[in-house]
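Trainee: Please take one helical part of this model and look at it closely, and then follow its surroundings outward as far as the computed geometry allows.

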Amino acid sequence: MKRIYLVVCLFLVAGCSKELTEEPKGLVGGAAALSSMAGLESALTGAYGSLMVPWTSGFTTVSQIAMTMGGDDLTTHPGSNKEEFREFDRFNVSSLNSRMNPIWLGCYKTIQSTTNIINNYTGVLDGNQTTINTIAGEAYFLRALCYYWLTRLWGEVPIIPSEIYSPDYLTLSKSPPADVYKLIEADLAKAEEMVPNTKRDPGRPNKGSVKALLADVYLTEAGWPLKDQSKYALAAAKAKEVIDNKTTYGFDLYQGGYLKIFAGGTTEDVFTLFTRGQWSTYNSFYGLSTMPENEGGWSDFFSELRFFNNFPAGTRKDATFSTEFVVNGVTIPWQETTTKHPYYKKFTIQSGTKATYMSNNPVIMVRYAHVLLIYAEAQARATGTPSGEAYAAVNAVRARAVLADLPAGLSGTDFADAIVNERAWEFAGEWNRWFDLVRLEKVEAANADKDPADLQPAQPITKANYWMPIPGADALVNPNL
């Protein structure tokens with residue numbers, strides 16, 4: 001299943017494992033291919049599709065889960081053939097670890113396609129101008145989303161100046177996060193202007209989706225590595241715009257059962273990659289990846305023990321974790337599984353065949369609960385005192401989990417810390433926890449008190465471990481990487 005993706009391929013053609021001698025002419029559609037609205041739409045479809053190719057590119061495989069195992073909510077099999085998974089959990093990631101390839105490749109393929117649209121849409125004179133602007137706005141959104149994932153995972157990454165191949169690409173240098181974030185902010189500002197209030201279909205962003213992602217970006221910028229605390233106020237303000245206009249955007253906390261959120265298509269969806277429909281792809285981390293061998297699964301990932309034990313009891317915990325399994329007609333507890341760990345129920349296929357490696361389940365990238373908790377944390381950190389609206393935001397999430405309200409009168413610091421904990425529980429296993437620990441510089445602390453039965457770090461953790469190594473084949477082609 002392993003492939004080597006050379007950086008030159010990312011800029012020559014969307015989705016390749018071709019030799020470096022490949023003639024690049026004609027492989028990338030430029031102005032001629034995008035001279036019509038239909039051409040723009042086709043390129044945009046390809047941009048979305050590049051994020052949803054199981055095993056190869058994007059977010060429909062287990063890669064983003066593997067890459068965020070440095071958090072305290074995810075771990076993997078201590079034995080078996082999970083060496084690459086364990087590298088992330090133990091902070092000794094090799095540059096040849098193939099689990100990084102789908103995110104790296106998928107994001108750069110999408111960046112290539114969206115840059116093609118952004119550089120050419122103003123020259124399209126036929127068709128509906130509103131639709132053309134919407135297509136461009138979605139392209140700006142997707143490009144920002146991809147650079148956001150790249151810089152959070154790899155830190156310094158190359159910024160691609162054009163979709164057209166140039167030999168100079170083989171000597172591109174990495175850009176510092178500050179420069180990458182400037183591009184992300186600029187792209188989201190354009191997207192916010194151009195994307196409408198209503199999604200064109202469930203798998204696309206609307207204006208509220210753009211605002212929500214920008215709020216998340218601001219929250220991250222306020223932490224490590226930029227540590228620009230002025231961004232907290234911007235994060236709170238942008239999240240509040242979404243909250244105040246949730247009816248317009250069609251967002252709300254879904255109250256029809258926590259597990260149903262992960263089937264997609266609810267009011268919780270702020271931005272979701274739908275694997276069904278026009279993309280005709282599938283999700284490969286629901287199902288066997290999240291099942292123990294006792295049930296015929298692969299045990300790719302499951303919960304760390306201390307995280308599970310500290311998780312507040314109640315309906316949300318019951319919906320988040322699988323703790324009993326039927327094996328040959330006999331029910332066994334998680335303590336009797338091969339790995340002796342609880343598993344993530346939210347990523348178990350809820351209808352149809354459970355033991356499968358592919359499903360039509362979507363990949364939910366941003367939920368409305370994110371918006372509420374971004375607002376609550378950012379408002380408290382920005383002003384030093386949580387407002388009544390910040391309390392209302394977090395307490396709405398807790399109420400759905402059938403938990404009591406947070407105590408009144410908390411200091412800004414204590415309140416923000418409580419929100420970080422709430423984010424851990426609400427988004428358990430959803431690759432959110434790792435990014436929180438990084439921006440708050442708590443990776444070391446979160447890994448210092450692991451249960452003895454969990455995987456332990458292979459070496460002392462430093463800030464160097466906050467970022468992944470550039471995929472080795474790309475760095476070999478371009479020493480500047």
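Mentor: The expected span of a helix is 1.5 Å times one less than its number of residues, where helices (H or I, at least four residues) and strands (E, at least two) are DSSP runs numbered from the N terminus. This is a predicted model, in which local features need pLDDT of at least 70 and side-chain atom pairs count only at pLDDT 80 or more, whereas totals for chains, interfaces and linings use all residues. Residues are numbered from 1 along each chain as its sequence is written, and side-chain values use heavy atoms, with hydrogens and water left out.

The part I have chosen is helix α14, residues 388–400, whose 13 residues should span 18 Å at 1.5 Å a residue, in agreement with end C-alpha atoms that are 18 Å apart. Its buried residues (buried means under 20% relative accessible area, exposed over 50%, partly exposed in between, with a 1.4 Å probe and protein chains only) are Ala390, Tyr391, Ala393, Val394, Asn395, Val397, Arg398 and Arg400. An α-helix has 3.6 residues a turn, so residues three or four places apart point the same way. The buried residues of α14 pack (contact means heavy atoms within 4.5 Å) against α12 (315–320), β8 (363–367), α13 (368–383) and α15 (412–426). Just after the helix, Val402 takes a positive phi of about 60 degrees.

Among these neighbours, strand β8 is worth following, since 5 of its 5 residues are buried and it is therefore largely enclosed by the rest of the structure. β8 runs antiparallel to β3, with 4 bridges joining them (two strands pair if DSSP finds at least two bridges between them). Within this pairing, Phe271 has Val366 of β8 as its bridge partner, and Asp269 stands opposite Arg367. β3 is likewise largely enclosed, because 5 of its 5 residues are buried. The loop between β7 (343–344) and β8 holds Pro362, which counts as buried at 1% relative accessibility. Although Pro362 and Tyr282 are 80 residues apart in sequence, their C-alpha atoms are 8.2 Å apart in space.

The loop between β3 (269–273) and α11 (305–310) contains Thr290, which is buried with a relative accessible area of 1%. The side chain of Thr290 reaches the backbone oxygen of Tyr344 at 3.2 Å, a polar contact (a pair of N or O atoms within 3.5 Å; within protein, one must be able to donate a hydrogen and the other to accept it, and residues adjacent in sequence count only if both atoms are side-chain atoms). Leaving aside residues up to four places away in sequence, Thr290 touches Phe285, Phe301, Tyr343, Tyr344, Phe347 and Thr348.

Returning to the chosen helix from another side, α14 is one of the elements against which the buried residues of α9 pack, the others being α7 (177–194), α8, α10 (246–249) and α13. The 14 residues of α9 should span 20 Å at 1.5 Å a residue, and the end C-alpha atoms of α9 are 20 Å apart, which agrees. The buried residues of α9 include Tyr232, Ala235, Ala239, Val242 and Ile243, together with Lys231, Lys238 and Lys240. One step further out, α8 has 15 of its 15 residues buried, so it is largely enclosed by the rest of the structure. At the start of α8, a side-chain oxygen of Asn206 reaches to within 3.1 Å of the backbone nitrogen of Gly208. The 15 residues of α8 (residues 207–221) should span 21 Å, which agrees with its end C-alpha atoms lying 21 Å apart.

As for aromatic pairs (ring centres of Phe, Tyr and Trp, the last by its six-membered ring, lie within 6.5 Å; planes under 30 degrees apart count as stacked, over 60 as edge-to-face and the rest as tilted), the count comes to 34. Among them is the tilted pair of Trp224 and Trp467, at 5.2 Å centre to centre and 45 degrees between the planes. Trp224 lies in the loop between α8 and α9 and Trp467 in the loop between α17 (443–446) and α18 (472–477), so this pair ties together parts that are 243 residues apart in sequence. Trp224 is buried at 13% relative accessible area, whereas Trp467 counts as partly exposed at 25%.
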